[in-house]
Amino acid sequence: MAKSKYEYVKFFEQHPHLLPNTFLVVRIDGRGFHHLSSRYNFEKPNDRRALNLMNAAAMTVLKELPDVVLAYGISDEYSFVFDRSTELFDRRESKILTTVVSTFTSYFVHLWPSFFHDRALSSPMPSFDGRVVQYPSIQNMRDYLSWRQADCHINNLYNTTFWALVQKGDMGTAEAEEALKGTVASQKNEILFSRFGINYNDEPEQFKKGTLLFRDVRWLSGHCEET
């Protein structure tokens, strides 16, 4: 194949490779989803259709990328876990990251009408950013997932209480924010139960704990046996 004199510019390209024998996590986050949720009138504090749309888009990533062994989602965020043995794209960071983000985003937009048939998308379209994190041990991997689930619980308890004050307690958003300032979990639970008759423990598990998708339960049980 003939080469042009301009081909030298290829040498400016960088192709960093991720460390071998490490678990890879690609975490994606919705960009500007606070405005998007308001624009399309998402139900507060949780819109089940939006969460199920996120789950459906995540499922397509698992189907199209067999190296993804599990995924965990909360709100407008999803984490995709690759086993440490993966050699996908020779472990090139940019290829792995862009493939996951673009696949998820394209299916999120494609599947939108199946979940929001009464609300057509318009510009600016939903988009996601992402990052790749490497974890050397199964304990690190467990702790990462525990951290994301703890965040899910903390944020959901706050949001459930906040929107109860706004929607049922006739507070403005600034007033509700001030009322919750400095409160701990037990106080939020007390507000929900004593003022609104809401037992937080009865809230849907998907809202409280997020969603876990996995390819093969044997992968999970096998790593649970590791020390």
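In this predicted model, helices α2 and α3 pack with their axes 8 Å apart and at an angle of about 135°. The two helices are therefore oblique to each other, and α2 passes α3 in a right-handed crossing. On the α2 side, the residues that take part are Arg49, Asn52, Leu53, Met54, Ala56, Ala57, Ala58, Thr60, Val61 and Glu64. Their partners in α3 are Val100, Thr103, Phe104, Tyr107, Phe108, Leu111, Trp112 and Phe115. Sorted by class, this contact holds 13 nonpolar, three polar and two charged residues.

It helps to place these helices within the whole chain. The protein has eight helices and five strands, and a reader following the sequence from its start meets them in the pattern β-α-α-β-β-α-β-α-α-α-α-β-α. The C-alpha trace spans about 75 × 50 × 30 Å along its principal axes.

Helix α4, which covers residues 138-167, is a good one to look at next. Its packing against α5 (residues 173-180) is at an angle of about 130°, and the axes of the two helices lie 9 Å apart. That angle makes α4 oblique to α5, and their crossing is right-handed. Tyr158, Thr161, Phe162, Leu165 and Val166 are the α4 residues that meet α5, where they find Thr173, Ala176, Glu177, Ala179 and Leu180. Seven residues of this contact are nonpolar, two are polar and one is charged.

Helix α4 also packs with α6 (residues 185-196): the two axes come within 10 Å and cross at roughly 35°. Here the crossing is left-handed. From α4, the residues involved are Leu157, Tyr158, Thr160, Thr161, Ala164 and Leu165. From α6, they are Ala185, Lys188, Asn189, Ile191, Leu192, Arg195 and Phe196. The contact of α4 with α6 has eight nonpolar, three polar and two charged residues. Tyr158, one of the α4 residues that meet α6, is also among those that meet α5; Thr161 and Leu165 likewise appear in the contact with α6 and in the contact with α5.

The next feature to find is the largest pocket, with a volume of about 840 Å³. It is lined by 34 residues, and those nearest its centre are Pro45, Asn46, Ser75, Asp76 and Asn159. Two or more lining residues come from each of α1 (33-39), α2 (48-64), β2 (68-74), β3 (77-82), α4 and α7 (205-209). Helix α4 gives the largest share, nine residues. The lining of the largest pocket comprises 13 nonpolar, 13 polar and eight charged residues. Helix α2, whose contact with α3 was described above, thus turns up again as one of the elements in this lining.

A few details of the backbone complete the picture. Most residues other than glycine have a negative phi, and most peptide bonds are trans. Against that background, three places deserve a visit. Pro45, one of the residues nearest the centre of the largest pocket, sits in the loop between α1 and α2. The peptide bond from Lys44 to Pro45 is cis, with omega near 5°. Ser75, also one of the residues nearest the pocket centre, lies in the loop between β2 and β3. Its phi is near 50°, a positive value in a residue other than glycine. A cis peptide bond also joins Ser123 and Pro124, with omega about -5°. Pro124 belongs to the loop between α3 (93-115) and β4 (128-135).

Terms used: Residues are numbered from 1 along each chain as its sequence is written. This is a predicted model: local features need pLDDT of at least 70, side-chain atom pairs count only at pLDDT 80 or more; totals for chains, interfaces and linings use all residues. Side-chain values use heavy atoms; hydrogens and water are left out. Axes are lines fitted to C-alpha atoms, for helices over the stretch in contact, and angles run from 0 to 180 degrees between N-to-C directions. Helices (H or I, at least four residues) and strands (E, at least two) are DSSP runs, numbered from the N terminus. Angles under 35 degrees count as roughly parallel, over 145 as roughly antiparallel, 65 to 115 as roughly perpendicular and the rest as oblique. A crossing is left-handed if the near helix is turned anticlockwise from the far one by less than a right angle, and right-handed if clockwise. Contact means heavy atoms within 4.5 Å. Ala, Val, Leu, Ile, Met, Phe, Trp, Tyr, Cys and Pro count as nonpolar, Asp, Glu, Lys and Arg as charged, and the others, Gly among them, as polar. On a 1 Å grid over the protein atoms alone, a cavity is a set of points where a 1.4 Å probe fits but cannot get out, and a pocket is an open set with protein on both sides within 12 Å along at least five of seven lines; lining residues have an atom within 4 Å of a point. Grid points are joined across faces, edges and corners, and a volume is the space filled by probe spheres set on the points.
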